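Me: Please give me a close look at the aromatic rings and at the charged side chains that lie over them. I am new to this structure, so please explain each term as you go and then lead me on into the surrounding parts.

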Amino acid sequence: MRRTLLILSLSASIAGSAQEMCGTIADRCEQHITKQYIPDGQFYRALLQGDEMAEFNLTLFGGTTYRVAACSGDADGILVFNVVDKDGNVLFSNKDQGNAPYWDLAVTNTIDVKMEAALDPTKAGSGCAVMLIGFKK
Amino acid sequence: MSVSSPSKIALGLGLGLFLAACGGSDHQSDQPKTDTLAVDTTPKETELLNVGGRIFSIPSPVQTALAMRKAGLKYQKELTAPLENAEAAVNKTAQSTLLGILGADLAYATVHKDGQRAMATMQAIEKVGNKLELTNSFDRALLDRFKSNLGSEDSLLQFSGVAFRAADKYLKQNQRHDVSALVLAGGWIESLYLTVSDPAAAGDQTIVNRIGEQKNALNALVELVQASDADGGAEKVVVGLKELQSLFDKVTSTYTYQEPVTDAGKKTTFINSTSSVTIAADQLKAIVAKVTDIRNMMLA
């Protein structure tokens, strides 16, 4: 019983500190979704370690310019993200742009893509990954 | 954002404790790291932050409202949800889906420049937000800012987007994934309802395509609501969405890859791939009926 309580207590403490860290990163990341962009109203995050990759699917609607912001740690350029189409083609990787913390995607036709995010192993071994998305009217 | 399976949680907890007890965090000093979280000892934290280790994205209701306006669909205020429901919603599921529904209605009224309805909807959002203990996101200050910017569509959309993102962040930070998922579900259903309820929608190919393009979002939504519904409170919503999913299964699509073009100076990549969806008239009719059923169930 005492062991169970210890485990629960430790896991709650770990979760609490992780939440706090993600919150701080999110506050910084929000600065990249500037006033020209309407936030999509969602908050994407995951804790990563080593070469783990976080991913999620999303639909990018035609005729829209999206801004994607990707943050981790206490400075820009730590999170690498890729935009991959349903056939596995990489449509964009911020790795080719010096790990840019944000990028715009101007979408001609609606497509379903997968967003992948991983820590740059030369800059971080673990941390909270936060991604935010906004779009222009 | 998926990372590891939920079954690793127990193992991760034990491993984390073991490594912590053994001073296992020394590995951290082996390489340069700017992030201070010592997760070497906590491989289960991803599960603590996500629903079943996965992350989902649901299209913003604002985008749908803008698409409707662009297609020239008529603004029909009477289609929006009765604002009295903000008082009537008594349980968590009803309040959460209503918050999403009102968010979609707010976008609808805003892009159609109905400032009076937008303001009234924002007040209803504040009420429901209070019930869900989201006063950090939907407060009096937001209402005041909204009121003083009623003439600026851009500002209103920005304010509401920021507020809903803050609410989503707060809910996820506080492990209230069920509420977060149901807010998204309510917003998504209401957007679709407003779209399909216009008789002209069926004759507008752009709008029909937009409806068909929701297939993947619906798949994500079903998974999200189901995974986060720990107490079974959203069972009816899950059943309704699954029935809708079976109708969307008949929607077909094509995709052709085209080389994207990047303008590094403008920090922009132009994605030129093409796609199309095909949705038969009888399928569309069935989808319209099911969306209406689910929306009515959410507001009942």
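Reply: **Rings, and the lysines over them**

Lys267(B) lies over the face of Tyr102(A), at 5.6 Å from the ring centre, where a charge counts as sitting over a ring if NZ of Lys or CZ of Arg is within 6 Å of the ring centre and within 35 degrees of the ring normal. This is a predicted model, in which local features need pLDDT of at least 70 and side-chain atom pairs count only at pLDDT 80 or more, while totals for chains, interfaces and linings use all residues; side-chain values use heavy atoms, with hydrogens and water left out. Residues are numbered from 1 along each chain as its sequence is written, and chains are lettered from A and ligands numbered from 1 in the order in which they are written.

Lys267(B) itself belongs to the loop between β2 (261-263) and β3 (268-271) of chain B; helices (H or I, at least four residues) and strands (E, at least two) are DSSP runs, numbered from the N terminus. With 32% relative accessibility, Lys267(B) counts as partly exposed, a term for values between buried, under 20% relative accessible area, and exposed, over 50% (1.4 Å probe, protein chains only). Most residues other than glycine have a negative phi, whereas the phi of Lys267(B) is positive, near 50°.

A second lysine of chain B, Lys172(B), lies over the face of Tyr44(A), at 5.9 Å from the ring centre. This brings us to the ring pairs. Rings of Phe, Tyr and Trp (its six-membered ring) pair if their centres lie within 6.5 Å, and planes under 30 degrees apart count as stacked, over 60 as edge-to-face and the rest as tilted. By that rule there are six aromatic pairs over all chains. One of them joins Tyr44(A) and Phe56(A), which are stacked with 4.6 Å from centre to centre and 10° between the planes. The pair links distant parts of the chain, with Tyr44(A) in strand β2 (residues 44-49) of chain A and Phe56(A), 12 residues apart from it, in strand β3 (residues 53-60) of chain A. Tyr44(A) is buried at 0% relative accessibility, and Phe56(A) is buried at 1%.

The rings of Phe92(A) and Trp103(A) also form a pair, and because their centres are 5.0 Å apart and their planes at 20°, the pair is stacked. Phe92(A) is part of strand β6 (residues 90-93) of chain A and Trp103(A) of strand β7 (residues 102-107) of chain A, so the pair ties together parts that are 11 residues apart in sequence. Both residues have low values by the rule for burial: Phe92(A) counts as buried at 4% relative accessibility, and Trp103(A) counts as buried at 1%. Ring pairs also link Phe81(A), Phe92(A) and Trp103(A) into a cluster.

From the rings we can move to a residue of chain B that touches chain A. Gln63(B) is found in helix α3 (residues 61-70) of chain B and is buried, with a relative accessible area of 8%. Setting aside neighbours within four places in sequence, Gln63(B) is in contact with Phe61(A), Thr64(A), Tyr66(A), Phe135(A) and Arg210(B), contact meaning heavy atoms within 4.5 Å.

The wider setting is chain B, which has 13 helices and four strands, and of whose 300 residues 55% count as buried. In helix α7 (residues 140-148) of chain B, the residues Leu142(B), Leu143(B) and Phe146(B) are buried. Seen down the axis of α7(B), the buried residues fall within an arc of 100°, so they line one face of the helix; the arc is that of the directions from the helix axis to the C-beta atoms. Arg140(B), Lys147(B) and Ser148(B) are exposed on the other side of α7(B), while the cover over its buried residues includes α5 (92-111), α6 (115-131) and α8 (153-173) of chain B.

Beyond α8 of chain B, Gln175(B) is found in the loop between α8 and α9 (177-196). Gln175(B) also has a positive phi, near 60°, in a residue other than glycine, and at 38% relative accessibility Gln175(B) counts as partly exposed.
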